[in-house]
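This report describes selected strands, helices, cores and loops of one protein model. The sequence and structure come first, and the description follows.

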Amino acid sequence: MSKFSMSDLPCGAKIHMIGIGGISMSGLAGMLINFGYTVSGSDAKRSELTDELEAMGAKINIGQCAENIQNPDLVCYTAAIAKDNPELAAARSLDIRTIERAELLGAVMELYKYPIAVAGTHGKTTATSMLSLVLLAADTDPTILVGGELPQIGGNYRIGKKDYLPFEACEYVESFLHFKPYMSIITNVEEDHLDYFSGLKHIISSFQKFARLTSPFGCIIVCSDDKNVCKVVQNADKKVIRYAIDDKKADYTAENITFDGNAHARFDVMRGGDKMVEIKLNVPGRHNVLNALAVTAAADFLGIDMSAVATGLSQFGGTKRRFEHIGEINGCEIIDDYAHHPTEIKATLTSAKDMDKKRVWVVFQPHTYSRTKAFLD
């Protein structure tokens with residue numbers, strides 16, 4: 001079947017979304033409703049996200065069955081939906097066009113002037129959120145699609161103008177190969193999603209394909225402290241901008257880094273030996289210095305004023321389940337973090353140990369048993 005385009009759908013077309021309550025699907029559903037499409041969907045359980053979509057006019061079924069397919073023009077499904085899902089099977093038996101979420105998002109983003117894809121094994125949600133707040137501080141009225149709940153936008157997406165669209169580009173099942181961003185940010189590359197990828201070589205190859213999809217008028221922004229990211233862009237045919245803490249030859253570096261009692265960093269962003277801006281973060285950890293450098297480099301390429309960069313980054317206090325302060329009990333501070341990869345867990349523990357606390361206790365809940373098994377050592 002030919003590549004899908006939004007022009008394939010009539011005005012007000014009916015789109016049914018299987019798994020509509022997911023963090024990525026719900027944001028896409030909100031965008032489609034805003035564009036004037038009639039949206040329906042289904043999910044295994046009700047949530048705040050499904051309630052919000054119903055309030056916007058979406059018809060949502062809790063539970064999935066063939067009867068939920070009521071003659072839509074298009075059926076969209078997530079990568080997690082099984083091939084024998086009753087709704088997906090019903091749509092295909094009725095010869096209704098079906099499309100994976102990433103491909104539909106790729107078609108939607110072609111409606112925007114500056115789609116900005118944030119990719120990488122770790123840090124996608126944080127870097128996307130940071131960039132979003134910078135663009136808001138610069139009064140650009142961005143449309144935002146983030147894989148977490150960002151308090152400043154009241155959820156996981158925001159509808160703005162059709163200029164700037166910062167969004168997460170996930171590598172799982174190579175979903176990000178459906179995107180053609182103006183600008184790509186690659187934070188790091190490691191082994192992950194080994195239920196799909198055969199190993200690191202396969203992952204690097206996939207990221208190389210993703211990098212080649214970047215617009216020739218834009219750029220690829222990468223962390224040159226990460227040796228695997230360097231392999232991704234070593235033969236890139238697009239403009240590459242590098243940021244780093246350790247690689248002093250990078251285009252953007254952090255100098256004079258200090259941490260307060262909460263492990264929040266203050267540092268100077270340097271470009272070619274010149275100080276561009278002083279940044280004060282309100283999230284902990286060295287890894288967030290790198291995320292902030294990526295965002296500063298992106299903003300500078302886009303012509304965003306550095307005062308907006310400093311303001312936006314200072315306003316970022318984290319997203320839900322990213323080193324989120326839950327409360328205190330008997331003098332013990334409770335932090336919730338989504339980290340489910342050894343490198344992410346290490347960053348979380350390092351941030352916790354850098355705080356002025358006596359002891360750190362860890363309770364680990366596996367995200368999936370298969371990932372926990374793959375990374376057990």
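Strands β1 and β4 run parallel and are joined by four bridges. Pairing here requires that DSSP finds at least two bridges between two strands, and helices (H or I, at least four residues) and strands (E, at least two) are DSSP runs numbered from the N terminus. Within this pair, isoleucine 18 stands opposite tyrosine 77 in β4.

The model is predicted, so local features need pLDDT of at least 70 and side-chain atom pairs count only at pLDDT 80 or more, whereas totals for chains, interfaces and linings use all residues. Residues are numbered from 1 along each chain as its sequence is written, and side-chain values use heavy atoms, with hydrogens and water left out.

**Strand β1 and its partners**

β1 is also joined to β2, by five bridges, and these two strands run parallel. In β2, serine 42 stands opposite isoleucine 18. Between β1 and β2 the chain passes through helix α1 (residues 23–34), and this β-α-β crossover is right-handed; that is, with the strands pointing away from the viewer, the path from the first strand over the helix to the second runs clockwise. Four of the five residues of β1 are buried, so the strand is largely enclosed by the rest of the structure. Buried means under 20% relative accessible area, exposed over 50%, and partly exposed in between, with a 1.4 Å probe and protein chains only.

**Helix α3**

Helix α3 spans residues 86–93, and its buried residues are Glu87, Leu88, Ala90 and Ala91. They cover an arc of only 160° around the axis, which puts them on the same side of α3; the arc is that of the directions from the helix axis to the C-beta atoms. An α-helix has 3.6 residues a turn, so residues three or four places apart point the same way. The buried residues of α3 pack against β1 (14–18), β2 (38–43), β4 (74–77) and β5 (98–100), where contact means heavy atoms within 4.5 Å.

At the start of α3, the backbone nitrogen of glutamate 87 lies within 2.9 Å of a side-chain oxygen of asparagine 85. Just after α3, aspartate 95 has a positive phi of about 60°.

**Nonpolar cores and helix α4**

The largest nonpolar core has 51 residues, and those with the most contacts inside it are Met6, Met17, Leu32, Leu104, Phe167 and Ile186. Another core, of 47 residues, lies apart from it and includes Ile153, Cys223, Ile279 and Leu313. A nonpolar core is a set of buried Ala, Val, Leu, Ile, Met, Phe, Trp, Tyr and Cys residues joined through side-chain atoms within 4.5 Å.

Not counting residues up to four places away in sequence, leucine 104 touches Phe4, Met6, Leu28, Leu32, Leu74, Cys76 and Ile99. Alanine 107 belongs to helix α4 (residues 101–109) and is buried, with a relative accessible area of 4%. With the exclusion of residues up to four places away in sequence, alanine 107 touches Phe4, Ser5 and Met6. Its C-alpha atom is separated by 12 Å from that of cysteine 76, 31 residues apart along the chain.

**Strand β12 and its partners**

Strand β12 (residues 240–244) has four of its five residues buried, so β12 is largely enclosed by the rest of the structure. Strand β11 (residues 219–223) pairs with β12 in the parallel sense over four bridges, with isoleucine 220 opposite valine 240 in β12. The chain goes from β11 through helix α7 (residues 227–232) to β12 in a right-handed β-α-β crossover. β12 also pairs with strand β13 (residues 252–259), in the parallel sense and over two bridges. There, tyrosine 243 stands opposite tyrosine 252 in β13.

**Loop residues**

Three loop residues are listed by place and accessibility.

| Residue | Loop | Relative accessible area |
|---|---|---|
| Glycine 123 | between β6 (114–119) and α5 (124–137) | 24%, partly exposed |
| Aspartate 141 | between α5 and β7 (144–150) | 25%, partly exposed |
| Asparagine 330 | between β16 (324–329) and β17 (332–336) | 81%, exposed |

Glycine 123 and arginine 322 are 199 residues apart in sequence, and their C-alpha atoms are 9.8 Å apart in space. Phi is positive at aspartate 141, near 55°, and at asparagine 330, near 50°. Most residues other than glycine have a negative phi.

Conventions:
Polar contact = N/O pair within 3.5 Å; in protein donor to acceptor, adjacent residues only side chain to side chain.
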